[in-house]
Amino acid sequence: YGNAWVSGHARVYGNARVYGNARVYGNAWVSGDAWVSGDADWMLVGPIGSRDSFTTIFREEDRLAVSCGCFYGSLDDFAKQVDENHGDNEHGKAYRAMIDMVRIRFGA
């Protein structure tokens, strides 16, 4: 609602809300209890990882959430999953660089 835009192959579902001047587009997914109200509330990174797909990071009420393939959960849980699934291979390194960038952008 408001002046928000959702376009392309973007998806918004669950209890997620997009409002204000926010724009969600491309292959971004906003789900769960996310509230996106501006450009500072979400981030899309990709192609990245073993599937060369996109990862969406967004603010929920009490955490940063990550949607990546079949993974949906907190940024900290995503970091653990990356370590377990990729270790120190090229995909693990790329995801860890992404996690560092997310922490800087969101001040987490």
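Which strands does helix H1 lie across, and at about what angle does H1 run to S10? The exercises below work this out and go on from there.

The model is predicted: local features need pLDDT of at least 70, side-chain atom pairs count only at pLDDT 80 or more, and totals for chains, interfaces and linings use all residues. Residues are numbered from 1 along each chain as its sequence is written, and side-chain values use heavy atoms, without hydrogens and water.

**Exercise 1. Place the helices on the strands.**

Step 1. Fix the elements. Helices (H or I, at least four residues) and strands (E, at least two) are DSSP runs, numbered from the N terminus.

Step 2. Take H1, residues 75–86. Helix H1 lies across strand S9 (64–68) and S10. Its direction is at about 125° to S10. Contact here means heavy atoms within 4.5 Å. Axes are lines fitted to C-alpha atoms, for helices over the stretch in contact, and angles run from 0 to 180 degrees between N-to-C directions.

Step 3. Take H2, residues 90–106. Helix H2 lies across S7, S8 and S9. To S7 it runs at about 165°.

**Exercise 2. Lay out the sheet and find its edges.**

Step 1. Read the order. Four strands form an open sheet, S7-S8-S9-S10, with antiparallel pairing. Two strands pair if DSSP finds at least two bridges between them.

Step 2. Find the edges. S7 (42–48) and S10 (71–74) each have a single partner strand, so one side of each lacks a neighbour in the sheet.

Step 3. Add the twist. On average, neighbouring strands are turned by 15° against each other, direction ignored.

Step 4. Check one pair. S7 and S8 (residues 53–59) run antiparallel and are joined by five bridges. Leu 44 stands opposite Thr 56 in S8.

**Exercise 3. Trace the salt bridges.**

Step 1. Count. The structure holds four. The criterion is a side-chain nitrogen of Lys or Arg within 4 Å of a carboxyl oxygen of Asp or Glu.

Step 2. Link the helices. Arg 96 bridges to Asp 83, with the closest N and O atoms 2.9 Å apart. Arg 96 lies in H2 and Asp 83 in H1, so this pair ties together parts 13 residues apart in sequence.

Step 3. Extend the link. Asp 88 also meets Arg 96 in a salt bridge (3.3 Å, N to O). Asp 83, Asp 88 and Arg 96 thus form a network of salt bridges.

Step 4. Assign exposure. Buried means under 20% relative accessible area, exposed over 50%, partly exposed in between (1.4 Å probe, protein chains only). Arg 96, at 26%, is partly exposed. Asp 83, at 45%, is partly exposed. Asp 88, at 57%, is exposed.
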